[in-house]
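Reader: Please take one part of this model and look at it closely. Short sentences suit me.

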Amino acid sequence: MAEQQEQAAPDAMMTRIGQVVMLHHGGDREEARGRFLGLWGEIGEGGDPLHRCTLAHYLADTQDDPADELAWDLRALSAAEELTDGDVAERHPSLAARAFYPSLHLNLAADYVKLGRSEAARSHLRRARGAAGALGNDRYGDGVRAAIGRLELRLDGAGPSYGGPGEDPGAVEGPGTVERPGPFGGSGGETLGPPRQRP
């Protein structure tokens, strides 16, 4: 019985995170940020790394200040570094920890572009490209690889330039939306285990 409760706890938290993601994608950014911060308070700095990675990744999306967005994306990467494929597969058999890295590094590269730190952006973009082999040959993987390519072009001056606030230089374009790729597959608001499609 205790073992079943332990198994249910991660799913319950991921469900709660997914509900707030849907709220955010419904347009209520402020409310979503407040609820995400409440969940962060429950999880804590030393909480489950999969929960922290997921939550920090989505919290970054709700930030108005690019420096705050960067701070949350760095927390997401730090939590991901604590995960192993076995840790993730126990709860989400279709996911592998190494497949989180292309999106996480792409998000950081986009953050650094917004902050005008092109060398840091290039460093994370190289890491995203190097980790992209872990992505599947599916819509999500194709989207992340395309976003990496677009940001590479922008940094090389061959693509459209970053337009400033409100535009995400690492965005993955989907039907009718622009989203940052997430480490967990799916589109923002979908819950394939850990939710999110965005950098």
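Author: **A close look at helix H4**

In H4, the buried residues are Glu69, Leu70, Trp72, Asp73, Ala76, Leu77, Ala79 and Ala80. Buried means under 20% relative accessible area, with a 1.4 Å probe and protein chains only. Helices are DSSP runs of H or I, at least four residues, numbered from the N terminus.

This is a predicted model: local features need pLDDT of at least 70, side-chain atom pairs count only at pLDDT 80 or more, and totals for chains, interfaces and linings use all residues. Residues are numbered from 1 along each chain as its sequence is written, and side-chain values use heavy atoms, leaving out hydrogens and water.

H4 has 15 residues. From first C-alpha to last, H4 reaches 21 Å, close to the 21 Å expected at 1.5 Å a residue. That expected span is 1.5 Å times one less than the number of residues.

What do the buried residues of H4 pack against? They pack against H2, H3, H6 and H7. Contact here means heavy atoms within 4.5 Å.

Now the start of H4. There, a side-chain oxygen of aspartate 65 comes within 2.8 Å of the backbone nitrogen of alanine 67.

One of the packing partners, H2, spans residues 29-43 and holds arginine 33. Arginine 33 counts as buried because its relative accessibility is 12%. Leaving aside neighbours within four places in sequence, arginine 33 contacts Leu59, Thr62, Gln63 and Asp64.

Phenylalanine 36 touches Thr62 too, along with Ile17, Val20, Val21, Leu55, Tyr58 and Leu59, not counting residues up to four places away in sequence.

Technical notes: Helix = DSSP H or I, 4+ residues; strand = E, 2+ residues; numbered from the N terminus. Buried < 20%, exposed > 50% of the residue type's maximum accessible area, 1.4 Å probe, protein only. Polar contact = N/O pair within 3.5 Å; in protein donor to acceptor, adjacent residues only side chain to side chain.
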